[in-house]
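Q: Could we go through the strand and helix packing of this model?

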Amino acid sequence: MVNFLIFGPPGSGKGTQSVRLAEKFNLLHLSTGDMLRAEITAGTALGKKMSLIMSKGELVPDEVVIEMIAHKIDHSKGSAGFLFDGFPRTVAQTISLEKMLNERGMKIDQMLVLDVDHDELVKRLIARAELSGRPDDKDPAVIENRIDVYKEKTEPIINYCNEKGLYQPVKGMGTIDDIFKRLNDYMKKLV
Ligand code: AP5
């Protein structure tokens, strides 16, 4: 099993690229954002509890996403590894993921970090708001808060992973195809 983190601020293209990369390398794409939105759509008690936090662009509690990921890992079959998208988002989530993987004879193999200019992030998310119906895309103040939360709570994971030799920055500007090629070139060395 080969396990990747696809990492970057909101709007950096994690979800877009993950779908294609998961297919190409037979990886299971695990997006905590998608899992949480599925809970909201299904109207579950958990979804109701998390929707207000998400609509403000804040992070949901670590234990909620850790449990979701553990469940997915234990109920997956047949893939060549995992592609984690939007998880982990705090150092505490990273430590939990490492422990979860280690206990199952696996590890994080590489962290691919999409580097995108601030203005481009905002532009992409505002453009998506028209189509996605995501409440966290509709309000520019919430978009800015999501970017601030990323810098404060999520970016420290880069140092943590860099010290372990896992950090791989990737230029996230340009066309979707160009960025896919860059990610593909790094990943194919490991899969
Ligand atoms: P999540 O769903 O993870 O959202 P996010 O990190 O804000 O990421 P986005 O989906 O907005 O962006 P992306 O990088 O995936 O870019 P995408 O490919 O979609 O999280 C949502 C919320 O859930 C969080 O705020 C939090 O509340 C909660 N949450 C989730 N995980 C959590 C966790 N682990 N812990 C705690 N809370 C958690 O692209 C964006 C747009 O740009 C698309 O329209 C796309 O078509 C377009 N685009 C992509 N690439 C390009 C390109 N190269 N050129 C032009 N347009 C492009």
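A: The sheet is taken up below, followed by a pair of helices.
A: The model is predicted, so local features need pLDDT of at least 70 and side-chain atom pairs count only at pLDDT 80 or more, while totals for chains, interfaces and linings use all residues. Residues are numbered from 1 along each chain as its sequence is written, and side-chain values use heavy atoms, without hydrogens and water.

Q: In what order do the five strands lie in the sheet?
A: The order is E2-E3-E1-E4-E5, in an open sheet with parallel pairing. Strands (E, at least two residues) and helices (H or I, at least four) are DSSP runs numbered from the N terminus, and two strands pair if DSSP finds at least two bridges between them.

Q: Why is one side of E2 and of E5 left without a neighbour?
A: E2 (27-31) and E5 (167-171) stand at the edges, so each has a single partner strand.

Q: How many bridges join E2 to E3?
A: Five bridges join E2 to E3 (residues 81-85), and Leu-27 has Gly-81 as its bridge partner in E3.

Q: Switching to helices, at what angle do the axes of H4 and H5 cross?
A: The axes of H4 (residues 62-74) and H5 (residues 91-103) cross at roughly 25 degrees and come within 10 Å. Axes are lines fitted to C-alpha atoms, for helices over the stretch in contact (heavy atoms within 4.5 Å), and angles run from 0 to 180 degrees between N-to-C directions.

Q: Roughly parallel or roughly antiparallel?
A: H4 and H5 are roughly parallel, a term for angles under 35 degrees.

How values were computed: Angles under 35 degrees count as roughly parallel, over 145 as roughly antiparallel, 65 to 115 as roughly perpendicular and the rest as oblique.
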